Amino acid sequence: MSPTSPPAERGDRGDSTRRALIEAAITEFARDGFHAASTREIARSAEANQALIGYHFGGKEGLYLAVFQFISEQIQARVGMAVGPIEAYLAELQDLGALTMPQREQCVALLMRLVEGMTRMFTDPNAKPWAQLILREQQSPTKAFDILFEGFMSRYLGIVTQLILRLRPELSRDEAALSVITILGQILVFRVARSTLLRHMTWPDVGPDQVDLILKQIKANLTAMLHSKD
């Protein structure tokens with residue numbers, strides 16, 4: 001071991017340091033972006049030896065990718081419980097014909113549950129730093145975007161597209177896929193355009209009452225979108 005090498009970390013201590021570095025990096029990368037972010041500042045915020053970034057992640061890029069792996073896992077933990085039931089129900093409906101009214105109502109209920117979970121997640125003040133990181137990757141994708149897309153986006157978008165096709169069988173695959181993106185957009189706008197939202201609505205902040213109003217509007221929009229045109 002060289003004189004400048006950090007002491008090896010094992011067990012809970014190593015896991016704790018790794019987590020602290022990731023959480024500090026989320027704030028730093030969200031505020032300054034990858035290139036301007038300081039590994040020294042990340043280590044200081046995490047109360048860790050700067051050399052441990054290399055020890056745990058192989059360097060700054062490895063830490064950046066670990067941040068997105070962490071974000072992907074957190075999103076799956078928060079909304080994954082709403083995705084699994086959709087997947088299971090679609091499997092039940094696979095060989096059946098047109099939906100009965102109870103089946104249609106169940107599909108809509110499952111979709112509304114997912115939309116509610118995502119809306120609450122993205123309007124949560126604690127989501128701001130990693131939401132900023134996701135938006136950065138949307139605009140200028142790197143290897144980190146692959147982690148997000150392969151980690152949860154591809155599966156979630158595909159499942160909801162299948163659900164839309166069952167609810168709106170007259171749509172083409174492309175039309176259903178674009179409908180899913182518009183649903184996602186209705187959710188993300190309340191994070192992306194938060195300042196505009198607050199100014200336009202004259203709200204001091206987005207609290208539980210405001211989130212309920214937002215959800216009511218999104219669900220009304222979604223109900224109209226799901227109404228068959230035939």
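How many salt bridges does the structure hold? The answer is 12, and a few of them make a good way into this predicted model.

**Salt bridges**

Three pairs are set side by side here, with the distance between their N and O atoms.

| Pair | N to O distance | Relative accessible area |
|---|---|---|
| R44 and E41 | 2.5 Å | R44 54%, E41 25% |
| E87 and R155 | 2.8 Å | E87 36%, R155 37% |
| E170 and R168 | 2.4 Å | E170 35%, R168 8% |

R44 and E41 sit in one helix, α2 (residues 39–46), with their positions 3 residues apart, or about one turn of the helix. R44 counts as exposed because its relative accessible area of 54% is over 50%. E41, in contrast, is partly exposed.

E87 pairs with R155, the closest N and O atoms being 2.8 Å apart. This bridge links distant parts of the chain: E87 belongs to helix α4 and R155 to helix α7, 68 residues apart.

The third pair joins E170 to R168. Here R168 is buried, because 8% falls under the 20% limit, while E170 is partly exposed. Elsewhere, salt bridges with shared partners tie E116, R120, D212 and K219 into one network.

**The nonpolar core**

Turn now to the largest nonpolar core, which has 71 residues. F29, V67, W130, L133 and I164 touch the most other members, and α4 is the helix that gives the most to this core, with 15 residues. You may like to look at I164 on screen: beyond its neighbours within four places in sequence, I164 contacts L111, L171, A176, S179, V180, I183 and L226.

**A cavity and a pocket**

The count of cavities of 30 Å³ or more comes to 1, with a volume of about 270 Å³. Of its 20 lining residues, M118, F152, Y156, L157 and L184 are the closest to the centre. Helices α4 (60–93), α5 (101–123), α6 (128–139), α7 (143–167) and α8 (173–192) each supply at least two lining residues, and α5 gives the most, with 6. The cavity lining has 19 nonpolar residues, 1 polar residue and no charged residues.

The largest pocket has a volume of about 230 Å³. Its lining divides into 3 nonpolar, 4 polar and 4 charged residues. Among the residues that line this pocket are H35, E61, R136, E137 and K143. Helices α1 (11–36), α4 and α6 each supply at least two residues of the pocket lining.

Note on methods: Residues are numbered from 1 along each chain as its sequence is written. This is a predicted model: local features need pLDDT of at least 70, side-chain atom pairs count only at pLDDT 80 or more; totals for chains, interfaces and linings use all residues. Side-chain values use heavy atoms; hydrogens and water are left out. On a 1 Å grid over the protein atoms alone, a cavity is a set of points where a 1.4 Å probe fits but cannot get out, and a pocket is an open set with protein on both sides within 12 Å along at least five of seven lines; lining residues have an atom within 4 Å of a point. Grid points are joined across faces, edges and corners, and a volume is the space filled by probe spheres set on the points. Helices (H or I, at least four residues) and strands (E, at least two) are DSSP runs, numbered from the N terminus. Ala, Val, Leu, Ile, Met, Phe, Trp, Tyr, Cys and Pro count as nonpolar, Asp, Glu, Lys and Arg as charged, and the others, Gly among them, as polar. A nonpolar core is a set of buried Ala, Val, Leu, Ile, Met, Phe, Trp, Tyr and Cys residues joined through side-chain atoms within 4.5 Å. Buried means under 20% relative accessible area, exposed over 50%, partly exposed in between (1.4 Å probe, protein chains only). Contact means heavy atoms within 4.5 Å. A salt bridge is a side-chain nitrogen of Lys or Arg within 4 Å of a carboxyl oxygen of Asp or Glu.
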